[in-house]
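Open the model in your viewer and keep the selection tool at hand. Each stop below says what to pick and what is there.

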Amino acid sequence: MKPLFVLLISIAWTFTGAQHYYQGLMDYLENRLLAIEDRMQLWHDLSQRYHTEMKDFKKLTAEAMDGLRNDHSTLFKDLEGAGVRVDRVEREMDYVEAQTSPRACALKTEKVVEQEAWGLQESRVEEEDEEEWEELLSRVSDCVEIISGIRSVKILKRVGSPKGMWTRDPRSSKVYVFNGTSGDTIYQFDSVRDFSRSLGVTSSRNIRLPSDWSGPGSAVYNGFLYYIQQDSDMDVQVVRYDLLTGSVTDMTMFPVESHASVYSLNPETVADLAADDEGLWLLYAPSDSEPNISLAKMDAATLDIEQIWDTRCPRENAEAAFVVCGTVYVVYNTHLASRSRVQCVFDVNDMVISEEAPLLYFPRRYGAHTSLKYNPEEKQLYGWDDGYQIIYRLTMKRKLLA
Ligand SMILES: *[C@@H]1O[C@H](CO)[C@@H](O)[C@H](O)[C@H]1NC(C)=O
Ligand SMILES: *[C@@H]1O[C@H](CO)[C@@H](O)[C@H](O)[C@H]1NC(C)=O
């Protein structure tokens with residue numbers, strides 16, 4: 001009996017010990033779990049807090065950004081306002097200067113800008129020209145554009161005398177330079193790049209015409225040169241010269257017997273030929289007593305005059321004019337060269353009136369323009385300003401259709 005008792009006791013003891021052991025283990029685990037739970041709660045709280053802080057921060061930055069954006073636009077508006085004011089002051093100064101100074105100060109030192117860069121850019125443009133021209137030809141005339149501004153100015157180089165003319169045939173991309181106010185020679189370059197790279201006119205092909213051109217009022221269009229010729233009796237003719245074959249194909253008498261020049265500031269411009277998307281135009285003064293510029297639409301092949309208009313734009317203080325899309329833009333200046341501006345507009349289709357067209361100021365350059373020749377394909381003007389050859393790129397907008 002006794003050994004069994006002892007065994008039972010020992011088992012009981014073992015049980016109690018085990019119970020103790022397990023209880024301890026349980027307590028330990030429970031504590032660990034509680035601790036972990038606590039820590040998790042802490043992490044949770046922390047992440048919650050970070051999240052909230054993050055949200056606040058985002059809100060703050062968004063507000064700050066908004067504020068900055070507003071500031072920026074106000075600043076921008078202010079700058080615009082200042083720009084307008086500067087422009088106004090500049091115009092007033094121009095006016096005062098024109099009234100008082102012997103000659104508006106021309107900035108002779110202004111650099112002849114990046115010829116190389118321009119040349120490269122030009123070559124790329126030229127490659128697309130043929131295609132664009134084909135497209136232009138196949139299209140029915142749907143030209144409803146009006147100039148809205150001058151996008152950029154390139155001073156290409158300075159060649160020849162203060163007065164002259166240069167232009168580019170939209171079809172062949174060839175460039176023609178008319179030095180001075182009359183002569184029987186013109187210089188032909190294969191491209192604007194060739195012209196800008198040429199030392200003077202050394203790399204040009206010289207073209208000798210059968211008669212003298214008179215005044216910087218010629219036009220080159222579709223491989224033909226149209227020029228004004230004044231014979232010994234001072235009779236004025238328009239000559240059509242084939243640049244490919246080198247021969248005169250047509251000649252026509254001037255619509256009126258007039259010895260008055262078309263622009264009062266450039267008396268050498270007997271009459272001014274212009275080519276645009278719609279064909280060939282002639283700007284002229286019908287008589288000495290007629291104060292306004294007249295416009296004639298010519299047949300580019302036969303030189304027949306199709307229609308004549310009085311532009312109602314005065315010749316007085318005009319220095320040049322050009323035709324874009326059937327609209328004449330007359331450029332005015334003062335005798336003491338100031339800033340050139342388009343101040344009169346005449347649309348043969350009566351769609352544009354002077355009030356609608358913008359008062360367009362040319363950036364101040366050297367003196368005054370002797371000629372401004374529009375290239376309808378590139379939508380840019382080839383200007384001759386005191387011997388500098390300048391390209392003005394134009395921005396266009398649609399005419400307001402009534
Ligand atoms: C341009 O013409 C002027 C005279 O009108 C002359 O002195 C000058 O040499 C000419 N320049 C060129 C490049 O033909
Ligand atoms: C010339 O144009 C003005 C408008 O600028 C007009 O009032 C005037 O009648 C025109 N003169 C002639 C002779 O047509």
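The tour visits a ligand site and then a disulfide. Keep in mind that the model is predicted.

**Stop 1: the ligand**

Select ligand 1. Which residues surround ligand 1? Add G160, S161, N179, Y187 and V201 to the selection; these form its surroundings. Colour the shell by residue class. Two of its residues are nonpolar, three are polar, and none is charged.

Now show the side chain of N179. An N or O atom there lies 2.3 Å from an oxygen atom of ligand 1. Move to the side chain of Y187. Here the distance from an N or O atom to an oxygen of ligand 1 is 2.9 Å. Both pairs are within 3.5 Å, so both count as polar contacts.

Switch on the surface of ligand 1. Taken alone, ligand 1 exposes 360 Å². The protein buries 43% of that area.

**Stop 2: the disulfide**

Hide the ligand and select the cysteines C313 and C344. How many disulfides does the structure hold? There is one, and C313 and C344 form it. Check the sulfur atoms: they sit 2.0 Å apart. Then look along the S-S bond. The angle about it is -80°, and the link is left-handed.

Show the strands next. C313 belongs to strand β13, residues 305-314. C344 belongs to strand β16, residues 341-347. The two cysteines are 31 residues apart, so select both strands to see how the pair links distant parts of the chain.

Last, turn on the protein surface. Are these cysteines buried or exposed? C313 is buried, and C344 is buried too.

Definitions and conventions: Residues are numbered from 1 along each chain as its sequence is written. Chains are lettered from A and ligands numbered from 1 in the order in which they are written. This is a predicted model: local features need pLDDT of at least 70, side-chain atom pairs count only at pLDDT 80 or more; totals for chains, interfaces and linings use all residues. Side-chain values use heavy atoms; hydrogens and water are left out. A residue is near a molecule or strand if one of its heavy atoms lies within 4 Å of it. A polar contact is a pair of N or O atoms within 3.5 Å; within protein, one must be able to donate a hydrogen and the other to accept it, and residues adjacent in sequence count only if both atoms are side-chain atoms. Accessible areas come from the Shrake-Rupley method with a 1.4 Å probe; for residues, only the protein chains shown count as cover. Ala, Val, Leu, Ile, Met, Phe, Trp, Tyr, Cys and Pro count as nonpolar, Asp, Glu, Lys and Arg as charged, and the others, Gly among them, as polar. A disulfide is a pair of cysteine sulfur atoms within 2.5 Å. Helices (H or I, at least four residues) and strands (E, at least two) are DSSP runs, numbered from the N terminus. Buried means under 20% relative accessible area, exposed over 50%, partly exposed in between (1.4 Å probe, protein chains only).
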